[in-house]
Amino acid sequence: MKIEAITLREIQMPLLHFFETSFGRLYSRRILLVTVHSEGIDGWGESVVGEDPFYSSEWIDSAWPTLTQYLIPALLGKRIESARECAHLFAKVRAHRMAKAALENALWDAEATQKQQPLWKLLGGTRREIPCGVSIGIQDSVEQLLEKIQIELAAGYRRIKIKVKPGWDVNVLERVRSRWADITLSCDANSAYTLDQVEHLRKFDQFNLLMIEQPLWDDDIYYHARLQKELRTSICLDESIVSARSAAFAAETAACRIVNVKVGRVGGFSEALKIHDLCQAHSIPVWCGGMLETGIGRAHNIALSTLQNFSLPGDVSASKRYWKEDIIDPEVEVSAQGMIAVSDQPGTGYRVKADLIEKLTVRKETLRA
Ligand code: OSB
Ligand code: MG
């Protein structure tokens with residue numbers, strides 16, 4: 001594939017409902033999309049960068065110039081054999097994994113279309129449907145949270161994850177568990193605690209949680225290993241796992257028993273596949289995280305989730321939980337059994353709605369070879 005041109009764009013999409021984590025409340029998304037133009041084929045990628053440098057030090061306004069000044073020039077005009085072999089082109093740039101992933105994943109998308117093969121097959125997946133969970137943000141009241149959980153359980157979702165932070169944790173988990181003793185439940189702290197709160201974190205053990213996600217610092221593995229020794233509840237690492245090497249560190253130090261794989265956080269599909277394989281070799285199950293993606297990133301998450309060791313329900317859920325209208329057709333739908341059926345069509349199996357994207361675009365730049 002000769003890479004002839006690459007388009008970057010920002011689209012703005014209001015969320016149907018605000019999403020609140022331990023680092024703040026979000027009402028609307030600014031989304032960075034990448035299109036790779038190659039021999040009559042367009043490959044699409046979505047960056048998981050946020051609106052602020054809060055979840056990660058990367059954000060949309062760091063990703064944009066990193067792409068235009070470094071990553072895109074490294075790729076333009078090149079002849080690419082396979083997307084899997086492209087990460088080295090971007091290796092000179094340190095970190096900036098969310099920017100890299102948008103570009104690498106657009107190449108995978110283009111390659112799947114060019115080969116007339118489903119993306120999930122190109123990635124080496126096997127699952128024909130994937131189990132779904134939901135991530136429910138911090139609400140204004142516990143009553144509102146319970147109502148949301150009720151709706152998602154009725155829709156068929158197989159795992160409920162709630163966001164926690166000091167002041168919205170044990171008290172809330174208590175209310176959830178007293179209403180639903182048996183549901184598969186987990187929580188995500190997004191780094192809201194420190195190791196000296198271990199006695200408080202031990203209280204989470206009474207709720208029979210599937211996991212507690214990222215309780216400590218976003219860049220930490222060592223103290224999570226210390227904490228995991230103190231808890232019965234399995235720790236799942238999200239923010240801390242940025243590469244196969246950090247996953248190896250976590251596995252070798254028993255810092256977690258579960259890993260959340262976000263393809264955008266780790267720099268693209270090639271690194272995500274390495275993490276998948278490494279975790280499998282260490283008997284660590286993984287699941288696919290979400291970053292409030294539009295359909296483009298969501299479709300990529302679905303393809304990744306077909307790999308064998310994605311054995312736990314992910315945060316990949318229906319388009320209609322986020323958007324009035326998603327930018328792909330069909331939208332992502334979840335069955336009453338809480339499953340997403342994986343398409344047999346070439347590429348992602350979802351068509352990109354170019355007209356709608358054009359209408360939502362607030363900034364656009366095309367670079368040519
Ligand atoms: O930590 O998993 C997270 C959203 C934004 C930033 C971080 C996280 C999340 C989610 C939402 O939990 C998952 C989703 O529904 O896309
Ligand atoms: Mg998380």
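A donor, for the metal site visited on this tour, is an N, O or S atom within 2.8 Å of the magnesium ion, and because water is not among the atoms, such a site may look incomplete. Keep in mind throughout that the structure on screen is a predicted model.

**The metal site**

Begin by selecting the magnesium ion, ligand 2, and display the side chains of Asp188, Glu213 and Asp238, which coordinate the ion through OD, OE and OD atoms respectively, at 2.1 to 2.3 Å. If you then look along the sequence, you will find these donor residues spaced in the pattern D-x24-E-x24-D. Glu213 belongs to strand β8 (residues 212-213), whereas Asp238 sits in the loop between β9 (235-237) and α8 (244-252), so this pair ties together parts that are 25 residues apart in sequence. Are Glu213 and Asp238 buried or exposed? Colouring by accessibility should show that Glu213 is buried and that Asp238 is buried as well.

**The parallel sheet**

Next, select the strands β5 to β11, which form an open sheet of seven strands in the order β5-β6-β7-β8-β9-β10-β11, with parallel pairing. At its edges are β5 (134-136) and β11 (286-288), each of which pairs on one side only. Within this sheet, go to strand β6 (residues 160-163) and strand β7 (residues 185-188), which run parallel and are joined by four bridges. Here Lys163 of the chain stands opposite Asp188 in β7, and Asp188 is a residue you have already met as one of those coordinating the magnesium ion.

**Ligand 1 and its surroundings**

Now select ligand 1 and show the residues around it, of which there are 15, with Ser135, Asn190, Lys262, Leu292 and Tyr322 coming nearest. Three contacts can be traced with the distance tool. In one, an oxygen atom of ligand 1 lies 2.5 Å from an N or O atom in the side chain of Tyr322. In another, an oxygen atom of the ligand is 3.2 Å from an N or O atom in the side chain of Lys161. For Met291, the contact is made with the backbone instead, where a polar atom is 3.3 Å from an oxygen atom of ligand 1.

**The antiparallel sheet**

Move on to a second sheet, an open one of four strands in the order β3-β2-β1-β15, whose pairing is antiparallel. Its edge strands are β3 (41-46) and β15 (361-368), and each of them pairs on one side only. Neighbouring strands in this sheet are turned by 25° against each other on average, direction ignored. Helix α10 (residues 295-304) packs on the sheet, where it touches β2 and β3, and its direction makes about 90° with that of β3.

To follow the pairing, start with strand β1 (residues 5-21), which runs antiparallel to β2 and is joined to it by 13 bridges. One pair to highlight is Ile6 with its bridge partner in β2, Val36. The two strands are connected by a hairpin that passes through two residues.

Continue to strand β2 (residues 24-38), which six bridges join to β3, again in an antiparallel arrangement. Which residue in β3 is the bridge partner of Thr35? Selecting Thr35 and looking across leads you to Trp44, while the bridge partner of Leu33 in β3 is Glu46. β2 and β3 also form a hairpin, with two residues between them, and Glu39 in the turn has a positive phi of about 50°.

**Backbone details in the loops**

Finish with three places where the backbone deserves a careful look. Select Gln116 in the loop between α2 (97-114) and α3 (119-123), where phi is near 55°, a positive value in a residue other than glycine. Gln116 is exposed, with a relative accessible area of 56%.

Then go to Ser191, in the loop between β7 and α6 (198-202); although not a glycine, Ser191 has a positive phi of about 70°. Ser191 is partly exposed, with a relative accessible area of 22%.

The last stop is the peptide bond that joins Asp329 and Pro330, which is cis, with an omega of about -5°. Pro330 is found in the loop between β12 (328-329) and β13 (339-341).

Notes: Residues numbered from 1 in each chain as written. Chains lettered and ligands numbered in written order. Predicted model: local features only at pLDDT ≥ 70, side-chain atom pairs only at ≥ 80, totals over all residues. Heavy atoms only, no water. Pairing = 2+ DSSP bridges. Axes fitted to C-alpha atoms, helices over the stretch in contact; angles between N-to-C directions. Contact = heavy atoms within 4.5 Å. Donors = N, O, S within 2.8 Å, 3.2 Å for Na, K, Ca; no water. Buried < 20%, exposed > 50% of the residue type's maximum accessible area, 1.4 Å probe, protein only. Near = heavy atom within 4 Å. Polar contact = N/O pair within 3.5 Å; in protein donor to acceptor, adjacent residues only side chain to side chain.
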